[in-house]
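Visitor: Please take a close look at one part of this model and follow it outward into the rest of the fold. I would like the numbers kept with the statements.

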Amino acid sequence: MKINIPYFSIITVVKNDVKNITKTIQSIKNQSFKSYEYIIIDGKSSDGTIEKIKRDKNYIDLIISEKDKGIYFAMNKGAKLAKGKIIVFVNSGDVLNKDGLKKVYKKFQ
């Protein structure tokens, strides 16, 4: 049995950014290169961020929402869970060009 390993692991770290999380998720959903997993690490947001994230749960492979020790702790948590060959951090408020992953993939080939 062949296990399909994603080429990219995209990790978004967020805490209380209800204003920007949707545009970040949308930029991941719109990627033309589809061999990726999407992980969101939320620092136990209290402003409605997690509710917005859950609206797109069908496009997200893993959502963790729990209190942590800050952004770098959360980034390391995501990296430890990643299964892809290459880890890409796209934090809340950032967007990835729709061909961003495709361009990076071509550079690695």
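Guide: Gly-48 has a relative accessible area of 23%, so it counts as partly exposed, given that buried means under 20% and exposed over 50%. This is a predicted model. Gly-48 sits in the loop between E2 and H2. Asp-17 is 31 residues from Gly-48 in sequence, yet the two C-alpha atoms are 8.3 Å apart in space.

On one side of that loop is E2, and its environment is another matter: seven of its seven residues are buried. Tyr-36, Tyr-38, Ile-40 and Asp-42 point one way from E2, while Glu-37, Ile-39 and Ile-41 point the other way.

E2 belongs to an open sheet of four strands, in the order E3-E2-E1-E4 and with parallel pairing. E4 and strand E3 (62-65) are the edge strands; each has a single partner, so one side of each has no neighbour in the sheet. On average, neighbouring strands are turned by 20° against each other, direction ignored. Between E1 and E2, which run parallel, there are seven bridges. Across this pairing, Ser-9 stands opposite Glu-37 in E2, and Val-13 stands opposite Ile-41 in E2.

Helices cover the strands. H3, residues 71-81, lies across E1, E2, E3 and E4 and runs at about 150° to E2. H4, residues 100-108, packs on the sheet and touches E1, E2 and E4, its direction making about 135° with that of E1.

The packing can be followed through the nonpolar cores. The largest has 19 residues, and those with the most contacts inside it are Phe-8, Ile-10, Tyr-38, Ile-53 and Leu-101. At least two residues of this core come from each of strand E1 (8-14), helix H1 (21-29), strand E2 (36-42), helix H2 (49-55) and strand E4 (86-89). Both elements that flank the loop of Gly-48, E2 and H2, are thus among the contributors. Another core, of eight residues, lies apart from it; among its members are Ile-11, Val-13, Ile-41 and Ile-64.

Phe-8 deserves a separate paragraph. Its relative accessible area is 0%, so it is buried. Leaving aside neighbours within four places in sequence, the contacts of Phe-8 include Tyr-36 and Glu-37, as well as Gly-84, Ile-86, Val-88, Leu-101 and Val-104.

Phe-8 also takes part in aromatic packing. With ring centres required to lie within 6.5 Å, the count is five aromatic pairs. One of them joins Tyr-7 and Phe-8: the centres are 5.0 Å apart and the planes stand at 75°, so the pair is edge-to-face, the cut-off for that class being over 60 degrees. Tyr-7 is buried too, at a relative accessible area of 12%. Tyr-7 and Phe-33 form an edge-to-face pair as well, 6.3 Å centre to centre with 75° between the planes. Because Tyr-7 lies in the segment before E1 and Phe-33 in the loop between H1 and E2, this pair ties together parts 26 residues apart in sequence. Phe-33 is buried, as is Tyr-7. Tyr-7, Phe-8, Phe-33 and Tyr-105 form one aromatic cluster.

A further ring is met by a charge: Lys-29 lies over the face of Tyr-59, at 4.3 Å from the ring centre.

Methods: Residues are numbered from 1 along each chain as its sequence is written. This is a predicted model: local features need pLDDT of at least 70, side-chain atom pairs count only at pLDDT 80 or more; totals for chains, interfaces and linings use all residues. Side-chain values use heavy atoms; hydrogens and water are left out. A nonpolar core is a set of buried Ala, Val, Leu, Ile, Met, Phe, Trp, Tyr and Cys residues joined through side-chain atoms within 4.5 Å. Buried means under 20% relative accessible area, exposed over 50%, partly exposed in between (1.4 Å probe, protein chains only). Contact means heavy atoms within 4.5 Å. Rings of Phe, Tyr and Trp (its six-membered ring) pair if their centres lie within 6.5 Å; planes under 30 degrees apart count as stacked, over 60 as edge-to-face and the rest as tilted. A charge sits over a ring if NZ of Lys or CZ of Arg is within 6 Å of the ring centre and within 35 degrees of the ring normal. Two strands pair if DSSP finds at least two bridges between them. Axes are lines fitted to C-alpha atoms, for helices over the stretch in contact, and angles run from 0 to 180 degrees between N-to-C directions.
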